[in-house]
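New to this one? Take a look at the sequence and the model first, then work through the questions.

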Amino acid sequence: MTTLLTQHPLKLVSVLVCVILVIGVLKRRKPRVHIPLMVSAFLIDLTMVIYLEVRRGVVESIPGREMTTLLIVHICLSTVVLILYGVQIATGLKNARGNRRPWHRKAAVAFLITRFGNLITSFLIT
């Protein structure tokens, strides 16, 4: 009996990214652990986005797909995740250099909610 994750290895990778993010947040007070974990999660996610675009042409396929509410929500969440990755990287770099940015922590909450929303909706889309 095959499971959803073995049928869809990219979803397994997405779950792995979320696990790395949770561990990274739990280790936020240890920059030598936190930063490499978060950078790894970003690089894995970015690689997955590039793969989906290059190999599957997901952006080009949108006009030919039925635009369900769930798909629209997933696309919006995916877009916000990419934007918030940029915010987190920019504010995280400033934090690492000793120039504390309160927005890093505030944006982290929004980022985690949207990233987990992205994960959940990816399982619901057929």
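Below are some short questions and answers on this predicted model.

Q: How many helices and how many strands does the chain have?
A: Let's start with the fold. Read along the sequence, the pattern goes α-α-α-α-α-α. The count comes to zero strands and six helices.

Q: In which helix is confidence lowest, and in which is it highest?
A: Since this is a predicted model, it's worth checking pLDDT before anything else. The chain averages 90, and 94% of the residues score at least 70. Confidence is lowest in helix α1, residues 4–7, at a mean of 56, and highest, at 96, in α2.

Q: What share of the 126 residues in the chain is buried?
A: For a sense of scale, the C-alpha atoms fill a box of roughly 50 × 35 × 25 Å along the principal axes. A residue counts as buried when its relative accessible area is under 20%. Among the 126 residues, the buried share is 25%.

Q: Which two residues have side chains that meet in a salt bridge, and how many residues apart in sequence are the parts they tie together?
A: A search of the whole structure turns up one salt bridge. It joins the side chains of R115 and D45, at 2.8 Å from N to O. R115 sits in helix α6 (residues 102–124) and D45 in helix α3, so the pair ties together parts whose separation in sequence is 70 residues.

Q: Are R115 and D45 buried or exposed?
A: Being buried takes a relative accessible area under 20%. Both partners of the salt bridge fall in that class: R115 and D45 are buried.

Q: Is R29, one of the residues in the positive surface patch, buried or exposed?
A: The positive patch is formed by R28, R29, R100 and R105. R29 lies in the loop between α2 (9–26) and α3 (31–56). Its relative accessible area is 64%, and the cut-off for the top class is over 50%, so R29 is exposed.

Q: Which helix gives the most residues to the nonpolar surface patch?
A: That patch covers about 420 Å² and is made by L46, V49, I50, V54 and L82. One of these, V49, is found in helix α3. V49 has 37% relative accessibility, so it counts as partly exposed. With four residues in the patch, the helix that gives the most is α3.

Q: How far apart in space are V87 and F111, C-alpha to C-alpha?
A: V87 has its place in helix α5 (residues 69–96). With a relative accessible area of 31%, V87 is partly exposed. V87 and F111 are 24 residues apart in sequence, and in space their C-alpha atoms are separated by 9.2 Å.

Note on methods:
Residues numbered from 1 in each chain as written. Predicted model: local features only at pLDDT ≥ 70, side-chain atom pairs only at ≥ 80, totals over all residues. Heavy atoms only, no water. Patch = residues over 30% accessible without salt bridge, like charges linked within 9 Å, V, L, I, M, F, W, Y side chains within 5 Å. Areas by Shrake-Rupley, 256 points an atom, 1.4 Å probe, with all protein chains shown as cover. Salt bridge = Lys/Arg side-chain N within 4 Å of Asp/Glu carboxyl O. Lys, Arg positive; Asp, Glu negative; His and termini not counted. Charge placed at Lys NZ, Arg CZ, Asp CG, Glu CD. Helix = DSSP H or I, 4+ residues; strand = E, 2+ residues; numbered from the N terminus. Buried < 20%, exposed > 50% of the residue type's maximum accessible area, 1.4 Å probe, protein only. pLDDT = per-residue confidence, 0-100.
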